[in-house]
Each structure stands twice: as C-alpha cells, then as structure tokens.
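Hi there,

Here is the structure I promised to pass on. Have a look at it first, and my notes follow underneath.

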Amino acid sequence: MALHLPFDATYLSLPDRFYTRQPATPVSAPSLIAFNHELADRLGLDSGSMTIEEAAEIFSGNAVPETATPFAQVYAGHQFGGFSSQLGDGRALHLGELATFAGRVDVQLKGSGRTPYSRGGDGRAWVGPVIREYLMSCAMDALDIPTTRALAAVTTGDPVLREQGPLPGAVLTRVAASHIRVGTFQYFAARSDKDALQQLTDYTIRRHYPNAKGPAGLLSAVMERQASLIAKWMSVGFIHGVMNTDNVQIAGETIDYGPCAFMDTYHPDTVFSSIDHQGRYAYSNQAPVTHWNLAQFATSLVVIMPDQDAAIEEFTAIINRFPELYQKAWLKAFAPKIGLQPNETASDLVQDLLGVMANAKLDFTNTFAALDETAKTSPEWHVKWRAAGPEDTLWQRTNPHVIPRTHKIEEAIQAATSGDYAPFHQMLKAVSAPFEPLSAFMLPPTDFEKVHQTFCGT
Ligand code: AMP
Ligand code: MG
C-alpha cells in the first residue's frame with residue numbers, strides 16, 4: 001500500500017511573488033538512510049506499510065505525491081550583518097503542508113536540486129550535512145528544545161562536488177511549523193511591497209500567533225519565543241553558528257543546522273564556524289544577536305504601519321524589553337540545572353559556576369550532569385551550592401548526559417561517506433535518549449579528536 005501524504009499548501013494562497021512553483025529534480029539511485037517513524041506517527045501518517053523503496057522514491061523527490069504542489073520560497077536576509085535582498089530556497093523544495101493534531105507543518109526536501117533562488121549553487125546537499133542535521137535536530141527535540149524535524153534521509157546515487165572532491169549526494173526531508181523567517185518579511189520590506197507585507201503579516205498571525213493583535217502583537221509574540229529558544233540553546237551549550245536573519249524562524253524553532261555545535265569545554269567566547277571570523281555568533285553573543293535580529297524584524301513591520309513615527313516608537317519600546325525577557329528565560333532554563341528555583345541565589349550560583357568552568361576549562365555537559373564533582377574542582381562553589389539547598393532529583397533529570405558531540409558527528413559522517421551508516425544509527429539512538437548515561441557518547445574529545453572548526457552545511 002502506498003504512503004498517503006494528504007498535502008495541501010495554504011502558503012500558495014499568498015500572491016505568486018512569494019514563491020516559484022517548481023518540479024523536483026530526479027536523482028539516479030535513491031536509497032533510504034533513515035526514516036523517523038515516531039515523527040511520522042505524530043504527523044498522523046500511516047508509514048507502517050510503506051516499503052523502503054517507496055520511501056526512497058518519495059523522499060528523494062523522484063516520486064512526487066499527487067497531492068503535492070512543489071514550490072520554492074523567496075526570502076532575503078542579513079548575512080553576518082550585510083543585507084542580501086534576494087535569497088530563497090536555493091536547494092530546497094516544499095512538497096506541501098500537512099494539517100496534524102499538533103498543528104500545521106511544512107514538509108520540505110532539502111538538497112533536491114536547483115531553483116530560481118540557487119544563485120551559483122548546485123541545489124544539492126551531500127551526506128555529511130544531511131546526517132548532521134538529522135542528528136542535531138533529533139537531539140534538540142529529545143532535549144525539549146523547539147526545532148525543525150528530520151522525517152527522512154536518502155542518498156541519491158549522484159555525486160556532489162565540494163572542495164573536498166566528489167561526495168555522496170543526499171536529501172533530507174525537513175518538517176517545520178513553517179519556513180517563514182525574519183528574512184521573508186525583509187524581502188518585501190526591502191521592496192516597499194506593503195500589500196505583500198500586510199498579507200504575510202496576516203497569514204503569519206493566523207498560522208502561528210492567532211491571539212496576537214496586529215504587527216505589534218506579532219512582534220511581541222515572536223520576541224518571547226526567541227528569548228525562550230535562545231535561553232534553551234544556552235542551557236545545553238548549543239552554538240547555532242549562523243544566526244543570520246534568514247535563519248530566524250518566526251514560529252520560534254531552531255532552523256538551519258549548518259556550522260552548529262554543542263560546546264565541549266566551556267568558554268563564553270567559543271566560536272566554531274569557519275566563516276565567523278569576528279565571533280559574531282559566538283556562544284555569549286547569541287542573545288545580543290537575537291535582539292539585533294528582532295530589531296530587523298521590527299524595522300520590516302514598520303513599513304506597513306500607517307503612522308511610521310508612532311510605530312517606530314512603539315516597536316522600539318517592545319524591542320527594548322528583550323534583555324529583561326531573555327534574562328528571565330535564561331534563569332528559568334538554568335536554575336533547574338543546579339536544582340534550584342529561579343531566584344537571585346540561583347542566578348548568582350549559575351554565574352559563579354560558569355566562571356569556575358571557564359577558568360578550569362571544564363566540560364559544559366558533564367559538569368552539570370555530575371555537579372557533586374565540583375567538590376573537587378571548586379570546593380568553595382560546592383559548599384555555597386549545597387548551602388542553597390538544591391533539589392537533587394531536579395538537576396539530575398534536567399541535565400542531559402548525551403549531546404551530539406562534534407567529534408562523534410564527524411566520525412559518523414566519515415563512516416557514512418564510505419557507505420557505513422552504523423555509527424550514524426548508533427549515535428542517533430544515543431542522542432534520542434539524552435538523559436540516559438551512555439559512556440561511549442559522554443566522553444569529551446581527546447586533544448587528537450577535537451574538532452576546532454565547523455563548516456556551512458552546503
Ligand atoms: P544557508 O547558509 O544554508 O542559510 O543558506 C544561505 C543561502 O544560500 C540560501 O538562500 C540557500 O538557499 C543558499 N544555498 C546554500 N547552499 C546552496 C546550494 N548548495 N545550492 C543552492 N543554493 C544554496
Ligand atoms: Mg538558511
């Protein structure tokens with residue numbers, strides 16, 4: 001029996017300057033690497049009877065379901081601070097949307113071939129970034145952090161040419177609350193296309209924030225989600241690496257797993273991305289950068305306001321609340337990590353602990369997972385912490401043992417590149433149960449294993 005995918009696409013009710021309809025580009029020999037049955041169940045899909053051959057055909061773009069209406073979305077964005085007025089799905093194609101019990105989602109193929117927004121790119125992905133995104137997004141979901149999801153990964157049988165030479169091509173099926181970004185608003189704002197902006201704003205409110213009142217309400221709601229999201233990233237030592245405005249999703253999910261990484265040794269200035277020379281997206285800069293990104297969102301929304309001066313004043317007042325909102329979210333995410341309620345004592349103790357960790361070059365994840373070890377590294381902190389009366393079961397169940405460590409991801413990618421997917425599947429299992437200690441995935445890298453830089457996922 002064929003897998004039934006009851007796609008529709010409300011996004012196509014927007015004017016056609018929002019997207020380009022585009023058929024999928026066939027691949028030579030699709031082969032399924034992974035399929036997320038748990039996610040398929042949550043989406044209400046009956047995937048049990050689907051064969052792996054059928055899955056490979058569908059999730060490579062070779063067999064497009066009858067209900068699908070493939071299209072690529074246009075957007076713009078500030079990339080490392082510089083504005084690009086024309087970006088878009090250059091290597092991705094929406095198959096459509098699914099209305100699920102948990103809300104409407106987009107289903108998108110990534111690595112599926114060229115589109116009008118590909119610029120110089122080939123529209124393809126190789127197996128490395130596909131595996132990284134699969135592992136990272138599964139880990140984030142298991143850590144209860146909002147994220148786009150991976151439904152399937154398929155190799156294409158076609159080589160993809162990158163700096164390293166020809167590499168095995170692959171396609172990831174990404175599921176997201178939607179792919180509307182700050183950059184989507186910026187695209188129309190940059191063109192003073194008020195009509196499109198108004199329609200996008202109305203659509204976004206209807207789809208994601210039905211209680212928000214107008215652009216100001218939307219701005220506040222998006223800001224709250226972003227504050228909470230970034231605080232959660234910080235609480236697990238996650239560094240996104242490429243927080244351009246086109247990678248800020250309006251629904252508040254983590255999107256675009258390019259040069260991202262979880263920190264091993266804690267240091268606030270940690271940067272991984274090979275192209276982030278100035279440390280713009282360093283660990284400790286993620287909240288200030290989000291504040292800046294939200295200001296770009298506000299700037300786009302001003303364009304549709306009848307009284308622009310009044311709107312600038314109102315939106316500035318909203319945006320100025322970000323640091324306070326973020327601080328609250330930060331404490332809410334970190335206090336339970338040391339077994340305390342979010343209060344001033346907890347805040348001071350977390351700050352002190354992070355200072356200790358930076359000085360002693362401690363592993364971020366393992367320090368929180370075994371807080372009593374601080375009795376050895378910093379007896380003074382340990383005494384103060386114990387005096388605050390932490391609830392042991394709280395920090396023990398809050399702190400993960402397993403995160404997708406960069407050197408393990410690299411190992412899995414290396415193996416996959418030569419056709420061995422066993423390390424990927426082992427790791428997938430481990431990161432899907434992050435609160436269970438599994439020693440093979442808990443050790444920080446040795447000096448030899450340490451990965452110092454990560455690269456954009458193209
Ligand atoms: P990203 O760095 O993944 O956020 O992508 C930035 C922009 O580059 C987006 O417009 C992408 O669609 C485009 N892009 C990235 N990789 C490729 C590729 N291999 N082919 C075509 N476009 C790409
Ligand atoms: Mg992107």
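Asn247 and Asp256 are both buried, and these two residues are the protein donors of the magnesium ion, ligand 2. Asn247 donates through OD1 and Asp256 through OD, at distances of 1.9 to 2.2 Å from the ion. Please keep in mind as you read that this is a predicted model.

Asp256 also turns up at the other ligand. Which residues come nearest to ligand 1? Of the 18 residues around ligand 1, they are Gly88, Gly90, Arg91, Gly123 and Asp256. The shell is made up of eight charged residues, eight polar ones and two nonpolar ones. Two strands, β3 (71–79) and β4 (82–88), each supply at least two residues of that shell.

Here are some polar atom pairs you may want to display around ligand 1:

- Arg91: a polar side-chain atom is 2.4 Å from an oxygen atom of ligand 1.
- Gly88: a backbone N or O atom is 2.7 Å from an oxygen atom of ligand 1.
- Asp122: an N or O atom of the side chain is 3.2 Å from a nitrogen atom of ligand 1.

As for cover, ligand 1 on its own has 490 Å² of accessible area, and the protein covers 87% of this.

Between β3 and β4 there is a loop that holds Phe80. Phe80 is not a glycine, yet its phi is positive, at about 50 degrees. Is Phe80 buried or partly exposed? Its relative accessibility is 27%, so Phe80 counts as partly exposed. Asp144 is another non-glycine residue with a positive phi, here about 65 degrees. You will find Asp144 in the loop between α3 and β8 (149–162). With a relative accessibility of 61%, Asp144 counts as exposed.

Next, helix α3 itself, which spans residues 127–142 and includes Glu133. Why does Glu133 count as buried? Because its relative accessible area is 3%, and the cut-off for buried is under 20%. Leaving out residues up to four places away in sequence, Glu133 touches Lys110, Thr148, Leu172, Arg174 and Tyr257.

Now to Ser432, in the segment after α16 (422–431). Which residues does Ser432 touch, not counting those up to four places away in sequence? They are Cys138 and Ala142. The C-alpha atoms of Ser432 and Met136 are 9.8 Å apart, although 296 residues separate the two along the chain. The side chain of Ser432 also reaches the backbone oxygen of Leu428, at 2.6 Å. Ser432 has a relative accessible area of 38%, so it counts as partly exposed.

The last residue on my list is another serine, Ser47, in the loop between α1 (37–42) and α2 (52–58). Ser47 has a relative accessible area of 3%, which means that it is buried. Its side chain makes a polar contact with the side chain of His37, at 3.1 Å. Beyond its neighbours within four places in sequence, Ser47 is in contact with Leu3, Phe35, His37 and Ala40.

If you open the model with both ligands shown, Asp256 is a good place to begin: this residue is a donor to the magnesium ion and is among the residues that come nearest to ligand 1.

Happy browsing, and best wishes!

Technical notes:
Residues numbered from 1 in each chain as written. Chains lettered and ligands numbered in written order. Predicted model: local features only at pLDDT ≥ 70, side-chain atom pairs only at ≥ 80, totals over all residues. Heavy atoms only, no water. Near = heavy atom within 4 Å. Polar contact = N/O pair within 3.5 Å; in protein donor to acceptor, adjacent residues only side chain to side chain. Areas by Shrake-Rupley, 256 points an atom, 1.4 Å probe, with all protein chains shown as cover. Helix = DSSP H or I, 4+ residues; strand = E, 2+ residues; numbered from the N terminus. Nonpolar A, V, L, I, M, F, W, Y, C, P; charged D, E, K, R; others polar. Buried < 20%, exposed > 50% of the residue type's maximum accessible area, 1.4 Å probe, protein only. Contact = heavy atoms within 4.5 Å. Donors = N, O, S within 2.8 Å, 3.2 Å for Na, K, Ca; no water.
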